[in-house]
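Colleague: I'm new to this one. Could you walk me through a few spots?

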Amino acid sequence: MIVRLIRNLQILPRWVIIIIDLIIISSSVLLGYLLRFNFVLSDIIKNHYQDGTLLFVGCGLVSIIITGSYRGIVRYTGMEDGVRIFGMIALNCVLVCGINLVVFYNNHYSIIPYSVVLITLLSSFLFLFNYRLLVKHMFSYYRHRTIKNFRVMIFGAGQTGVVTRHVINSTPRMQVMGFIEDNPNKAGKVLDGAKIYYGKSIDLESILLDLNIDELVITVKDISLDRKNELVDLCMRNQIKIRTIPAVEKWVKGELSFNQIKEINIDDLLGRESIKLNNRAVEEDIRGKRVVITGAAGSIGSELVRQIISFQPACLIMIDQAESPLYEIEREARSYGSNSQI
């Protein structure tokens with residue numbers, strides 16, 4: 001029932017977020033008074049608890065509207081939301097202190113003690129940010145429970161590996177289980193919340209099997225050809241799909257997208273130029289014929305598409321279960337200007 005409720009829950013209206021934030025701010029003010037006056041209720045009442053709470057909540061509403069801290073979608077909370085919340089709390093405290101000073105110089109008493117303001121500043125930020133992270137974690141947890149995810153391991157615990165992890169985890173039905181790194185100094189550590197496994201361990205194959213890994217993504221650019229072939233052999237032996245990312249300079253607008261994470265190209269494994277079909281007999285067999293290529297979106301299938309299309313078949317039929325890569329190789333084939341029907 002809880003899983004179904006969370007799955008069907010829509011984005012909350014902004015006014016609901018504002019009300020929740022104001023309730024948390026008022027609770028933080030109460031906590032500040034309790035800590036400041038050692039939980040003595042008579043002292044709390046004597047120091048204008050009601051006025052201090054109204055002042056903080058009123059300034060909080062103004063600060064929320066000015067900073068727009070209510071605009072973020074709670075289930076996708078990130079560091080930018082944390083910065084925005086801290087800015088809202090800081091502005092709130094500035095407004096409260098300003099009004100407090102004006103009242104003091106005119107009436108010779110403070111509406112709220114400055115120690116309470118400091119405690120409220122710290123506690124309200126912690127509560128506002130962490131309740132958002134809790135909601136985000138709950139949505140992520142129940143989403144992973146209800147949807148069969150492809151479990152991914154990233155080879156390379158560097159900056160590009162971290163970027164790749166964020167891209168994959170933001171993609172539905174994909175989940176990064178950890179990193180693989182040949183550098184023994186990084187092995188056993190945790191990067192961005194994911195464990196780093198030693199790549200040259202004799203137990204690497206059993207690690208991948210124990211974690212039920214479905215895909216391995218290589219993010220290291222200076223990996224040797226022998227090491228790359230070793231990883232490919234290991235993955236093929238255990239029916240694990242292996243992918244790679246393009247060089248940083250080829251990222252679209254300087255950012256990596258999931259569509260750029262491709263299956264490893266056979267050219268990357270040869271260590272030399274790939275062989276081009278330039279046989280006249282082959283051309284005569286293909287020209288004007290209807291050709292079907294299965295697995296057309298894979299590394300070998302896509303290369304067959306590129307070479308066969310140049311022989312002008314009457315019709316080229318591409319079959320693959322991967323819809324997005326199939327669409328991309330179709331677009332690439334059409335861009336060659338062939339008269340063949342695709």
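Colleague: Is R165 buried or exposed, and what is its relative accessible area?

Modeller: First, this is a predicted model, where local features need pLDDT of at least 70, side-chain atom pairs count only at pLDDT 80 or more, and totals for chains, interfaces and linings use all residues. Residues are numbered from 1 along each chain as its sequence is written, and side-chain values use heavy atoms, leaving out hydrogens and water. R165 sits in helix α7 (residues 159-169); helices (H or I, at least four residues) and strands (E, at least two) are DSSP runs, numbered from the N terminus. Buried means under 20% relative accessible area, exposed over 50% and partly exposed in between (1.4 Å probe, protein chains only), so R165 is buried, at 13%.

Colleague: Beyond its neighbours within four places in sequence, which residues is R165 in contact with?

Modeller: Contact means heavy atoms within 4.5 Å. With those sequence neighbours set aside, the list for R165 is I154, V176, F179, D192, G193 and A194.

Colleague: How far apart are the end C-alpha atoms of helix α5?

Modeller: The expected span is 1.5 Å times one less than the number of residues. Helix α5 (residues 79-107) has 29 residues, so it should span 42 Å, and the model agrees: its ends are 42 Å apart.

Colleague: Which strand does β5 join through four bridges, with K241 opposite E215?

Modeller: Two strands pair if DSSP finds at least two bridges between them. Strand β5 (residues 215-218) has both faces covered, with E215 and V217 buried on one side and L216 and I218 on the other. Four bridges also join it in parallel to β1 (residues 150-155), where F155 stands opposite I218. The partner that places K241 opposite E215 is likewise parallel to β5 and joined by four bridges: β6 (residues 241-244).

Colleague: How many aromatic pairs are there in the whole structure, and what kind is Y33 with Y49?

Modeller: Rings of Phe, Tyr and Trp (its six-membered ring) pair if their centres lie within 6.5 Å; planes under 30 degrees apart count as stacked, over 60 as edge-to-face and the rest as tilted. The search finds five pairs. For Y33 and Y49, the centres are 5.4 Å apart and the planes at 90 degrees, so the pair is edge-to-face.

Colleague: Where in the chain do Y33 and Y49 lie?

Modeller: The pair links distant parts of the chain, 16 residues apart. Y33 is buried at 0% relative accessibility, while Y49 is partly exposed at 22%. Y33 lies in helix α2 (residues 14-36) and Y49 in helix α4 (residues 49-67).
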